[in-house]
Amino acid sequence: IGTSIMNGDLPDPEFESYFKIGHKRHITNYLNINLTYNKYNLAFKDVYNEGFMSFDLNLELLFSPYKAFSPFISAGYGYNASNYFETTSDKVQAAAGFEFIVVDGVGLKLFGEYNYSFSDELDGIIAGESDDTFFRMGFGINLYFGGNKRKQRLWSKIDTVIKSNLVK
């Protein structure tokens, strides 16, 4: 959950609601690919308030995957649509944040994300020289399922003093 804010053609943008749910799959311990569904509103004071959704595909790089606290960056492609798909556009996004693993399988995540829409119609007005952009910031919970068998396999392949100096 979090908030979104528009950077468009109108003055006085307002913070609005934002919700995200997704699935991530680790390629390596440092890199994962994730697919998310995002529901959010963009608003300008007393003029505009519209609901949107996006489907985003990102690559995420973890800087410290073996520690409880890990900063990350991500970037990817998204498909943006107003409610009921009245208007749609492609977009790209980039994010940065950190995750803190509180217990095995549960992480708390804080992030900020920049979105560049390949359309100047996101705010309902075609004006200015650039396409519309918006920011999303959020706090969430990551739940990790499985992975224990993979961890055990990795640990069993590591040579240790106990395995190399067997007591007879």
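Okay, before anything else, one definition: when I say helix or strand, I mean a DSSP run, at least four residues long for a helix (H or I) and at least two for a strand (E), numbered from the N terminus. With that in hand, this protein has two helices and nine strands. And remember as we go that this is a predicted model.

So, what order do the elements come in, from the N terminus on? They run β-β-β-β-β-β-β-β-β-α-α. The protein has 168 residues, and 33% of them count as buried. It exposes about 10600 Å², with carbon and sulfur atoms supplying 63% of that. And if you take contacts between residues at least 6 apart in sequence, 51% join residues at least 24 apart.

Let's look at some strands. Find β6, residues 69–82, and then β7. These two run antiparallel and are joined by 13 bridges. If you want a spot to click on, Gly-76 stands opposite Gln-93 in β7. The β6 and β7 hairpin has five residues between the strands, and there Tyr-84 takes a positive phi near 65 degrees.

On its other pairing, β7 meets strand β8, residues 106–117, also in the antiparallel sense, over 12 bridges. Here Ala-96 stands opposite Gly-112 in β8. This hairpin has two residues between its strands, and Gly-105 in the turn has a positive phi of about 90 degrees.

Stay with β7 for a moment and look at the surface. There's a nonpolar patch there made of Phe-69, Phe-98, Phe-100, Val-102, Val-103, Leu-110 and Phe-139, with about 610 Å² of accessible area together. Which strand gives the most to the patch? That's β7, residues 88–103, with four residues. One of the patch members, Val-103, sits in β7 and counts as partly exposed because its relative accessibility is 49%, and partly exposed covers the range between 20% and 50%.

Now let's go inside. The largest nonpolar core has 13 residues, and those touching the most other members are Met-6, Tyr-40, Leu-42, Phe-52, Leu-122 and Phe-134. The elements giving two or more residues to this core are β4 (31–44) and β5 (48–62). Pick Leu-42 and see who it touches: leaving out residues up to four places away in sequence, its contacts include Ile-5, Met-6, Tyr-48, Phe-52, Leu-122 and Phe-134.

Last topic: charges. There are five salt bridges by the count used here. In one of them, the side chains of Lys-24 and Glu-60 meet at 3.0 Å, N to O. Lys-24 is in strand β3 (residues 16–26) and Glu-60 is in β5, so this pair ties together parts 36 residues apart in sequence.

Is Glu-60 buried or exposed? It's buried, because its relative accessibility is 2%, and the cut-off for buried is under 20%. Glu-60 also forms a salt bridge with Lys-109, where the closest N and O atoms are 3.4 Å apart. Lys-109 lies in β8, so that pair ties together parts 49 residues apart. Lys-109 is buried too, with a relative accessible area of 11%.

Then there's Arg-136 with Glu-113, a salt bridge at 2.6 Å, N to O. Arg-136 is in strand β9 (residues 133–143) and Glu-113 in β8, 23 residues apart. Both of them are buried. And they have company: Asp-56, Lys-91, Glu-113 and Arg-136 are linked in a network of salt bridges.

That's my tour, thanks everyone!

Note on methods
Residues numbered from 1 in each chain as written. Predicted model: local features only at pLDDT ≥ 70, side-chain atom pairs only at ≥ 80, totals over all residues. Heavy atoms only, no water. Patch = residues over 30% accessible without salt bridge, like charges linked within 9 Å, V, L, I, M, F, W, Y side chains within 5 Å. Areas by Shrake-Rupley, 256 points an atom, 1.4 Å probe, with all protein chains shown as cover. Salt bridge = Lys/Arg side-chain N within 4 Å of Asp/Glu carboxyl O. Buried < 20%, exposed > 50% of the residue type's maximum accessible area, 1.4 Å probe, protein only. Contact = heavy atoms within 4.5 Å. Pairing = 2+ DSSP bridges. Core = buried A, V, L, I, M, F, W, Y, C linked by side-chain atoms within 4.5 Å.
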